[in-house]
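Work through the exercises below with the model open. Each task is followed by a solution in steps.

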Amino acid sequence: MQNSVLEYIEKNRERHLEELKNIIKIPSISTQPDKKPAVLKAADFELAHFKAVGLENCQLLKTTGNPLVYGDWLHAADKPTILIYGHYDVQPPDPLDQWKSPPFEPTIRDGNLYARGATDDKGQYSTFLFAIEAWLKTAGKLPINIKIVLEGEEECGSTGIAKYVPEHADFFKCDAMMVADMPWLDENRPAISYSLKGLVYFEIAVKGSSHDLHSGLYGGMVTNPLQALSQILAKLKDNNGKILIPNFYDDVLPMTADEKKEIAGLDFDEKTTAKYLGVKELFSEKDFSPLEANWTRPTLDICGMWGGYTGVGSKTIIPAEAHAKVSIRLVPNQDPQKVQKSFGDYVRSLCPPGVSVAVDNHSGGWPVHIERDNAFLKAAASAYEKGFGKKLVFKREGASIPVVATFKSVLKVPMILVGLGLPDDGYHSPNEKINLSHFYGGIKGAALAFEALAETK
Ligand code: BES
Ligand code: MN
Ligand code: MN
């Protein structure tokens, strides 16, 4: 390694942090249509940043949704080409009153940078840009070829990029892909992830009478839609946490005996996690530990439900309708379309007489499973161990980055999923943060990984 690269990273700590703050200040919330100008501003900001670090062919790629920011550097003849992915959009910051400092005014407390997007994903993908800068400004070249693409719709379904990638497969051609958008296992154990969940998401609407009714005048004569919805929702899972949709588990890739041993060996601290979450105890599907359930089992959650009268005081009505949102996280080899169909069929079969039920599908995505026995993955893992100065573990995720599956099926290359965050970084929560030592260690890890990947065939 050219020591000058690492020295450059050390010397530029303050400026890199300032530049990270500048992108974080842009409230690029992709789920809120009125934030579109901020989303576009973030794309322009990153386009300028790509140019500033020395990337070439920098451009905004038009999709059916928000633009992709693209740049590359392709002058390392005979060396591998690595495609880097990240997302410049963020989640809404609500509930605002729970933030200790405003979500889009990045603030440092106790060695952490607090802001929406600090860890998900601006603080993570930016490490690649600063590592590219360090190589190009010192060595004048990169040890590998790099293509980098950032999307602006990861938090709202990735529809633009999901269509763009299969239509431009050659453009993204590479030997391996790198993503940094996830946490370490805990504060002592950096991690590389080898599995992401898939996702399906439903909206259920139960409709009864044409208008809200007096609950005495018509009570006992009609089906109450909220009651009907509750009955349906209650039959989605049993008390052991098992999902009751027929044939639901048919395609689930079971964890191997080795994997079970490895997960047990990680000594996951349930008490600390329960304490951070503010729950009395953790609850998992029967016969599975919390980590096993989170990583290797599909999960179903009611994300919201509404209907009827929720204002102050009492209002004696039979509501005309009732609604719920439900998510299901899928594990390898479950097929989102198949699950969408069986969920819809099951929910409709549970509908009691006197009301009707409609099930709407939101966009979802496939799970990802990555072959761990891969030279690129191993090279990156040891580089990041050096960058962080800590031993690294392999883990799975309970969460999803749907477009990773799209890239994997189109490009058919190894995926390197590194995490820079921590489980308590507040992903999608108030007071999101990134630890500054993770940010700086991540820049070094990326710079070292570029070199290690250059020697990989
Ligand atoms: N970075 C997260 C995914 C993540 C979070 C991976 C925590 C590992 C641990 C990503 O931005 C995200 O939030 N994904 C969404 C996708 C959804 C909106 C389609 C998710 O998992 O809910
Ligand atoms: Mn993310
Ligand atoms: Mn996210």
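Donors are N, O and S atoms within 2.8 Å of the metal, and water is not among the atoms, so sites may look incomplete. The model is predicted.

**Exercise 1.** Determine which residue bridges the manganese ion (ligand 2) and the manganese ion (ligand 3).

Solution.
1. List the protein donors of ligand 2: H87 (NE2), D120 (OD), and D181 through two OD entries, at 2.0 to 2.3 Å.
2. List those of ligand 3: D120 (OD), E155 through two OE entries, and H428 (NE2), lying 2.1 to 2.7 Å from the ion.
3. D120 bridges the two manganese ions, which lie 3.6 Å apart.
4. H87 lies in strand β3 (residues 81–87) and D120 in the loop between β5 (112–114) and α4 (122–138), so this pair ties together parts that are 33 residues apart in sequence.

**Exercise 2.** Classify the geometry of the site of the manganese ion (ligand 3) and place its donors D120 and E155 in the chain.

Solution.
1. The site has 6 donor atoms, with angles of 53 to 155 degrees among them.
2. Six donors count as octahedral if opposite donors are over 155 degrees apart and all others between 65 and 115.
3. The site of ligand 3 is irregular.
4. D120 sits in the loop between β5 and α4, and E155 in the loop between β6 (145–151) and α5 (159–167), 35 residues apart.

**Exercise 3.** Are D120 and E155 buried or exposed?

Solution.
1. Buried means under 20% relative accessible area.
2. D120 has a relative accessible area of 7%, so D120 is buried.
3. E155 has 11%, so E155 is buried.

Technical notes
Residues numbered from 1 in each chain as written. Chains lettered and ligands numbered in written order. Predicted model: local features only at pLDDT ≥ 70, side-chain atom pairs only at ≥ 80, totals over all residues. Heavy atoms only, no water. Donors = N, O, S within 2.8 Å, 3.2 Å for Na, K, Ca; no water. Helix = DSSP H or I, 4+ residues; strand = E, 2+ residues; numbered from the N terminus. Tetrahedral: all angles 85-135°; square planar, octahedral: opposite > 155°, others 65-115°. Buried < 20%, exposed > 50% of the residue type's maximum accessible area, 1.4 Å probe, protein only.
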